[in-house]
Amino acid sequence: MDFSQVELTSDQLVFEKEIRELISENWTPNLSHIAVDHDRMPKPVRMEMAKRGWIHPDLAPDAGGAGLGEIELEVITNLFDEYYIPANVSSSLLIPTLEKFGSQWLKENVLPGIRTGELTTCLGYSEPDNGSDMAAATTRAVQDGDTWVINGQKMWTTWGNESDYVFLLTRTGAVEEKHRTLTMFLVPMNTPGVDATPVWILGGGRTNVTFYSDVTISDNYRIGPVNDGWSVMSEPLATEHGAGVVTEGVAPVNGSMGAGFSRVLQKLVDGAIQWAASRTMADGRSRLEDPLVRAALAEAMLDLEMCWNAEGELGKPMSAEALAKQADKLADMAAPEGLLDFGVDGSIAAGIIASERQHAPGTAVYGGTTEIYRNNLARRLGLPRPY
Ligand SMILES: Cc1cc2nc3c(=O)[nH]c(=O)nc-3n(C[C@H](O)[C@H](O)[C@H](O)COP(=O)(O)OP(=O)(O)OC[C@H]3O[C@@H](n4cnc5c(N)ncnc54)[C@H](O)[C@@H]3O)c2cc1C
């Protein structure tokens, strides 16, 4: 969406100024850090935002938010983007789940902090041998009176090193029973026996392997019925996939993955235009007049337009695949200067083309692979199974 066409009211301008000042006081953008999807909002900014209800600003003030409207949400999103501040995705996925399935104790003691954003969460679904097939999880939870003892290992627990809680998928019966013997917990990450070791990812950022060794927690941390974890995790999973979320070209603050990737694609296209505008051909004319360059930029802009308009579950596969394709194509177009990293003499647009070439392929994997999205879409369309 071209937000420059929206004229802000005087109240909205005051709001924008206030949030800009708050960010400027608490945060220095790291321009080398373009793909911030595996980083977490820095704590000083988060706590200041939390005080004002701006972490989940769409929630009502008495539910920990600020009851902001769509334009104000977009103002926040754009400022986060401008200052390279990561959004706080996983907690917004979990709030409705905790409201619906959380124990009374969780609702009273943990949910309020998650709503304001003072407490943070991460997602513990994937394991070394089970990613797409989450119902094959083997991390085991065994009940012992009023407590549970958890043992196992999760892979790719993004923010596992800096979250207060992990939304953990566990096995509480026979593995062969698959989705009928799963149970969900909200495990405090500071419980003895929880450990996170880093996995550094291409294009910058960290995720983690998390280990659970005799982790003993109260039954208060269970979410939903024993052995019905599949129903509990289905909702946040569907929301993460964009099912039921209509973005209409406007990315909600903590919104769909597709909207986030489209924003990165926008920056990539802007970087490629910057490269073309600052280079000349042998005859002295701008590269912007080179028909091959124009064709490449036009194709990238068309892809971007399609991604902005890809709603719901279409958003992620379309934008992830467009991002990876265009990162490659624009890198070819803008070589060699476009491939210089941030900070290297002569690099363009903070090295976005170089960094996206590394970052973009991963976008087709995390949050579910694009193949799995295609399967889901095919199922919803009533197409026959391929096997
Ligand atoms: C950077 C990063 C961050 C991540 N963050 C998190 C996180 O915070 N929490 C978390 O729980 N997980 C996280 N993940 C895990 C991610 O969701 C999984 O990697 C992903 O779901 C794929 O699982 P897998 O790696 O086990 O691959 P597999 O499931 O083994 O898949 C391998 C290949 O087979 C294909 N495939 C598998 N099954 C099917 C099928 N039924 N039909 C068609 N093709 C299929 C896949 O598309 C893929 O190409 C993250 C992953 C990455 C890379």
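This is a short tour of a predicted model, stop by stop, with something to select at each one.

**Stop 1: the pair α1 and α2**

Start by selecting residues 10-26, which form helix α1, and residues 43-51, which form helix α2. Their axes come within 9 Å and cross at roughly 150 degrees. With angles over 145 degrees counted as roughly antiparallel, α1 and α2 are therefore roughly antiparallel to each other. Look along the pair and you can check the handedness: α1 passes α2 in a right-handed crossing. Now show side chains for Leu22, Ile23 and Asn26 on α1, and for Pro44, Val45 and Glu48 on α2, since these residues make the contact. Colour them by class and you should find four nonpolar, one polar and one charged residues.

**Stop 2: the annotated middle domain**

Next, select residues 122-200. In UniProt, an unreviewed entry lists this range as "domain: Acyl-CoA oxidase/dehydrogenase middle". Switch to a cartoon view here: the stretch is 47% strand and 0% helix. Put a distance label between the C-alpha atoms at its two ends, and it should read 17 Å.

While you are here, pick tryptophan 159. You will find it in the loop between β3 (147-154) and β4 (165-171). Its backbone deserves a look, as phi is positive, about 70 degrees, although tryptophan 159 is not a glycine.

**Stop 3: around the ligand**

Now centre the view on the ligand. How many residues surround it? There are 21, and the closest are Tyr125, Gly131, Ser132, Trp156 and Thr369. Two elements give two or more residues to this shell: strand β1 (121-124) and helix α12 (370-380). Colouring the shell by class gives eight nonpolar, 12 polar and one charged residues.

**Stop 4: α8 against α9**

Move on to helix α8 (residues 257-277) and helix α9 (residues 291-308). These two pack at an angle of about 160 degrees, and their axes are 9 Å apart. Helices α8 and α9 are therefore roughly antiparallel to each other, and their crossing is left-handed. To see the contact from the α8 side, select Gly258, Ser262, Leu265, Gln266, Val269, Ala272, Ile273 and Ala276. From the α9 side, add Val293, Leu297, Ala300, Met301, Leu304, Cys307 and Trp308. Which classes make up this contact? It has 12 nonpolar and three polar residues, with no charged ones.

**Stop 5: α9 against α10**

Keep α9 on screen and add helix α10, residues 315-334. The angle between α9 and α10 is about 165 degrees, with the axes 10 Å apart. This pair, too, is therefore roughly antiparallel, and α9 and α10 make a left-handed crossing.

On α9, highlight Val293, Ala296, Ala300, Asp303, Met306 and Cys307. They meet Met318, Ser319, Ala322, Gln326, Lys329, Leu330 and Met333 of α10. By class, this contact has nine nonpolar, two polar and two charged residues. If your selection from the previous stop is still showing, you can trace Val293, Ala300 and Cys307, which are listed in the contact with α8 and in the contact with α10.

**Stop 6: a cis peptide after α10**

Finally, follow the chain into the loop between α10 and α11 (352-363), where you will find proline 336. Zoom in on the peptide bond joining alanine 335 to proline 336: this bond is cis, with omega about -5 degrees.

Key: Residues numbered from 1 in each chain as written. Predicted model: local features only at pLDDT ≥ 70, side-chain atom pairs only at ≥ 80, totals over all residues. UniProt positions renumbered as here; feature names shortened; annotations may be inferred. Helix = DSSP H or I, 4+ residues; strand = E, 2+ residues; numbered from the N terminus. Axes fitted to C-alpha atoms, helices over the stretch in contact; angles between N-to-C directions. Parallel < 35°, antiparallel > 145°, perpendicular 65-115°, else oblique. Left-handed = near helix turned anticlockwise from the far one by under 90°. Contact = placed C-beta atoms within 7 Å. Nonpolar A, V, L, I, M, F, W, Y, C, P; charged D, E, K, R; others polar. Near = placed C-beta within 6 Å.
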